[in-house]
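Got the structure open in your viewer? Let's walk through it one selection at a time.

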Amino acid sequence: MEKISDLLKIRREDLRNDGTPRVAICLCLDVSGSMSVVEFGDFKKTGNVVVKDGKKYIPVTGGVTRMDELQRGIEAFYEEIRNDAKAQYSAEICVVAFSDTAECISDFANIYRQETPHLKLGDMTAMGEGVNMALDLLEQRKKEYKSVGVDYYQPWLVLMTDGAPNGDPNELERAIARTTQLVSEKKLTIFPIGVGETANLETLARFTPKHHAIKLEKLRFKEFFEWLSESVEKTSQSIVGEKVELNTKAISQWGSKYSAETKELEPWPDELP
Amino acid sequence: MWKAAQVTVQGRGHKIADKPCQDKTYILDSPPDCFVVSLADGAGSAEYSELGAQCVTQKICRVLNENFTRYFATEESGSVAEEILSFLVEDLKNLAAETDCEIRALASTLLAVAVKGKQFIGVHIGDGVIGVLDENFLAVMSHPDNGEFINETIFVTSSNAISHLRLYKGELEEISAFVLMSDGTAEGMYQRDTQNFMPIVEKLIRAAKLLPPHEVEAELKANFQETLCKVTADDCSLILLVKEPYDSE
């Protein structure tokens, strides 16, 4: 017969078991042809000259490309999340790659159900299409969380490009309007990041209400993804109801601030874009 | 006759950060026939929220005890809500002056239930859950008032607190228990998708009816530390306000 005091025993199975609040992160990445530009390492010129979209390129063999470094950064990011006791349950990552079109190459799931995605080069820079797909996927994921009663934090969108958008201009304007509205309403955190000297920071800055973008210093993808995984870990360890303060000071270790107002690059201030 | 048992446990997150428990509870037994309980969860981002939580839990119990009959009789619930909030904010302002901080550094949620004679009043600002056992059926009286994201809610000090202050009143009739829980406890004991309590809550109420409060509190504290604190990093608190069994009044 059950004792009265047994009624007060709380077993693990008496409690809700989906308690870990989720952080949805979408990496929206430029995989256009220019990401194959060799930045450093041992390389040899082939002797040819290629002109593409009015830009002159000198083909080489060997060396380390922007894409190589981005791929390494993503691999390190996935590894960090897998190794963090809390973030591995909390972080859910999705990757949208955009070039000629936008493609979701890794949909949201717990990190243990995902393989680290492998990026493939395309040609063009359909940025608007990529961002719209990323926003749709984040919205869909939030609906799924709601339908099963899973708590969640404000989602994050990481937008990385080394060029200027050349997809459908209407899609680009729609993506900019949607993103700035969500950021203004505090429903989204965005990191618009320009890679290399050819990145159009002016356009990237339009994705934030403050018209700020981040210029990635040299090819510090690894440092950026380390910072991102630390931020995810910090968020996943935060207590319910607590405002999560990201270490914005540390952004200056891998990026600098571009302001559309001054058109200048400057050290990163203590705020998010 | 009503009686209450409460439990408050510091969460893992605050233990690691060496921060005090920011959940506070208060119980006011005012014979012959008024019994008031309250619970507040201090905002994690507010520097002295544990002091704010302590302040509002004590104040709401005194305010409801002193004004129960008038509040219950008032048809205009808006004026009652305004008066309650002004009493709370007045004390918080005084505390802010003593502590030499901004009032927002004292931010907390607030949940309270008062029973007097054959009637009850409930007050709720922010997240956490209030439940009621009516004719042996446990239902949620007041759901968490969260924003879209898990780290958003309304506090007593929020500029829009008045539009989020929820007031409940009614005849007790077959009501024999109330349960108040902070969001930390709700993380394990309240299902967001179905908006219902986990079955364990009803068992806790049954035990609280049958056992003396000090026994319930000791057992709950041990169980919270052993089990609930493993599924959430947040502070956890709970109040079980129950009518003595076989009490016809």
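Helices (H or I, at least four residues) and strands (E, at least two) are DSSP runs, and they are numbered from the N terminus. One thing before you click: this is a predicted model.

**Stop 1: a loop in chain B.** Select B:Asn136, which sits in the loop between β6 and β7 of chain B. Check its backbone: phi is near 65 degrees, a positive value in a residue other than glycine. Is B:Asn136 buried or exposed? B:Asn136 is exposed, because it has 11 other C-beta atoms within 10 Å and a residue counts as exposed at 12 or fewer.

**Stop 2: the sheet next door.** Now show β1, β12, β9, β6 and β7 of chain B, in that order: they make an open sheet of five strands with antiparallel pairing. Which strands stand at the edges? β1 (2–9) and β7 (137–142) of chain B do, each with a single partner strand, so one side of each has no neighbour in the sheet. From one strand to the next, the twist averages 15 degrees.

Zoom in on β6 (residues 129–134) and β9 (residues 175–181) of chain B, which run antiparallel and are joined by six bridges. For one of the partnerships, pick B:Leu133 and look across to B:Ala177 in β9(B).

Then add the helices. α6(B) packs on this sheet and touches β1, β6, β7, β9 and β12 (236–243) of chain B; its direction makes about 55 degrees with that of β12(B). α7(B) lies across β1 and β12 of chain B, at about 30 degrees to β1(B).

**Stop 3: the other five strands.** Switch to β2, β3, β4, β5 and β8 of chain B, an open sheet in that order with antiparallel pairing. The edges here are β2 (23–30) and β8 (166–171) of chain B; each has a single partner strand, so one side of each is left without a neighbour in the sheet. Twist in this sheet averages 10 degrees from one strand to the next.

Seven bridges hold β4 (residues 110–116) and β5 (residues 119–125) of chain B in antiparallel pairing. Click B:Ala112 and you'll find B:Val123 of β5(B) opposite. Across β2, β3 (34–41), β4, β5 and β8 of chain B lies α2(B), running at about 150 degrees to β3(B).

**Stop 4: two more loops.** Go to B:Pro32, in the loop between β2 and β3 of chain B. The peptide bond from B:Pro31 to B:Pro32 is cis, with omega near 10 degrees. Next, jump to B:Asp100, in the loop between α3 (77–99) and β4 of chain B. B:Asp100 isn't a glycine, yet its phi is positive, about 60 degrees.

**Stop 5: the core.** Of the 82 residues in the largest nonpolar core, those touching the most other members are B:Leu106, B:Ala112, B:Val113, B:Leu180, B:Leu240 and B:Leu241. The largest share of this core, 10 residues, comes from helix α2 (residues 49–73) of chain B. Center on B:Leu106: beyond its neighbours within four places in sequence, its contacts include B:Tyr48, B:Leu51, B:Cys55, B:Leu92 and B:Thr157. For a second, separate core of 70 residues, select A:Cys28, A:Leu188, A:Ala213 and A:Trp254, which are among its members.

**Last stop: where the chains meet.** The contact takes 38 residues from chain B and 28 residues from chain A. On the side of chain B that touches chain A, α5 (183–189), α6 (200–210) and α7 (213–231) are the elements giving two or more residues. α7(B) gives the largest share, seven residues. By class, this side of chain B has 15 nonpolar, 12 polar and 11 charged residues.

Key:
Residues are numbered from 1 along each chain as its sequence is written. Chains are lettered from A and ligands numbered from 1 in the order in which they are written. This is a predicted model: local features need pLDDT of at least 70, side-chain atom pairs count only at pLDDT 80 or more; totals for chains, interfaces and linings use all residues. A nonpolar core is a set of buried Ala, Val, Leu, Ile, Met, Phe, Trp, Tyr and Cys residues joined through C-beta atoms within 7 Å. A residue is buried if 20 or more other C-beta atoms lie within 10 Å of its own, exposed if 12 or fewer, and partly exposed in between; C-beta atoms are placed from the backbone. Two residues are in contact if their C-beta atoms, placed from the backbone, lie within 7 Å. Ala, Val, Leu, Ile, Met, Phe, Trp, Tyr, Cys and Pro count as nonpolar, Asp, Glu, Lys and Arg as charged, and the others, Gly among them, as polar. Two strands pair if DSSP finds at least two bridges between them. Axes are lines fitted to C-alpha atoms, for helices over the stretch in contact, and angles run from 0 to 180 degrees between N-to-C directions.
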